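Let's take a walk through this model together, from one helix pair out to the nucleic acid. Have the viewer open as you read.

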Protein chains: 2
Amino acid sequence: MEDGRQILSKLKGKGHRITKARSAIIDLLLQDRKPLTAPAICALLSSRGLALNRATVYRELIFLRANDIVRQVKFAGKATHYEINSGHHHHLVCMKCNSVKDVVLGKHLEHHERQIYEKEKFKVVSHSLEFYGLCRNCYRGSAT
Amino acid sequence: MEDGRQILSKLKGKGHRITKARSAIIDLLLQDRKPLTAPAICALLSSRGLALNRATVYRELIFLRANDIVRQVKFAGKATHYEINSGHHHHLVCMKCNSVKDVVLGKHLEHHERQIYEKEKFKVVSHSLEFYGLCRNCYRGSAT
DNA sequence: GTAATTGCAAAGGTTTTGCAAAATA
DNA sequence: TATTTTGCAAAACCTTTGCAATTAC
């Protein structure tokens, strides 16, 4: 699930409509490839000439989440972030400049998830892992 | 940093005052040992006869965070949770009953953190890891 | 034409802020 | 007494909801 057209045809296949708002939000999330908040999505689209109502954006995000196109990420800030739901990964969040970079780790956590079930009888469905620290630029800046 | 008195004397040592609100919030977080939201803290304290203003609770949580007594946890819900900042651990969040249980994993993540610095030059300071799934009770309930 | 989607306005919930009053040391 | 802390009220945000108008199919 990488290309915008693929996503749209998947939705169409399920009987959903292709609207301007829908494809614009998907395109934006595919383009930037970084988690965005709903207010940020409104602002970005607006600056590109497509002024969507907040309610529309929120409803669309709920819709895309229900269809497994998008997933939520909770960072330190107050608003919830959303990103395209492709390839399992984690995040490197810079505490200084707030940039977010994806990182892919091995399968080590699956081992923990088995362990958790054996020890606690808690059945893990998913997990979220965020690393907070200083990105390449900010770390170099503060060290020098 | 386990006992309420220890925390209070640490604060006192740094020149901070011991107030009713401050010690009540610390006691509550130490007692329940599970992450609470600010509104929940207000409600719980209020039901125990200590009605604090919301603003006071929020300001106190900022203060306790600045002093490393408390840390934020972001879960799926809308409000931010807070917990006593003791012993590094992670969370098992039940998607059905919303219960939260602490879990302590090994040092495996430190290995990843080193790797992240070597590969990305991103200097990790902390991380947050939450597992979502079904707790012992809810899993048994749905399986039967 | 029918049903899904949108905009608007209003409301709900969380969190922050200014300022005067109260409490701590 | 000198600061810090608190309460109150108001506001700032983020997010959701109802309803009528619009749009996609």
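The paragraphs below go from the two chains to a helix pair and then to the two DNA strands.

First, some housekeeping. This is a predicted model, in which local features need pLDDT of at least 70 and side-chain atom pairs count only at pLDDT 80 or more, while totals for chains, interfaces and linings use all residues. Residues are numbered from 1 along each chain as its sequence is written, chains are lettered from A and ligands numbered from 1 in the order in which they are written, and side-chain values use heavy atoms, with hydrogens and water left out.

Let's begin with the protein copies. A turn of 179° and a shift of 0.1 Å along the axis lay chain A on chain B with an RMSD of 0.2 Å, superposed by least squares on the C-alpha atoms of residues with pLDDT of at least 70 in both. That is the relation of a two-fold axis. Of the residues of chain A, Leu129(A) comes closest to this rotation axis, with its C-alpha at 2.2 Å. Because 100% of the interface residues of chain A are also interface residues in chain B, the copies meet through the same surface.

Now zoom in on chain A. Helix 2 (residues 20–32) and helix 3 (residues 38–47) of chain A pack at about 100°, with their axes 11 Å apart. The two helices of chain A are therefore roughly perpendicular, a label for angles of 65 to 115 degrees. Ala24(A), Ile25(A), Leu28(A), Leu29(A) and Asp32(A) of helix 2 meet Ile41(A), Leu44(A) and Leu45(A) of helix 3, where contact means heavy atoms within 4.5 Å. Seven of these contact residues are nonpolar, none is polar and one is charged.

On to the DNA. Among the 21 residues around strand C, the nearest are Thr19(A), Arg22(A), Thr56(A), Arg17(B) and Tyr58(B). Of the strand C atoms within 4 Å of the protein, 61% belong to sugar or phosphate and the rest to bases. Arg22(A) places a polar side-chain atom 2.6 Å from a phosphate oxygen of strand C, whereas a side-chain N or O atom of Arg17(B) is 2.4 Å from a base oxygen of strand C.

What about DNA strand D? A side-chain N or O atom of Arg17(A) is 3.0 Å from a base nitrogen of strand D, and a backbone N or O atom of Ile18(A) lies 3.0 Å from a phosphate oxygen of strand D. From chain B, Arg59(B) has a polar side-chain atom 3.0 Å from a base oxygen of strand D.

Conventions. Axes fitted to C-alpha atoms, helices over the stretch in contact; angles between N-to-C directions. Helix = DSSP H or I, 4+ residues; strand = E, 2+ residues; numbered from the N terminus. Parallel < 35°, antiparallel > 145°, perpendicular 65-115°, else oblique. Nonpolar A, V, L, I, M, F, W, Y, C, P; charged D, E, K, R; others polar. Near = heavy atom within 4 Å. Polar contact = N/O pair within 3.5 Å; in protein donor to acceptor, adjacent residues only side chain to side chain.
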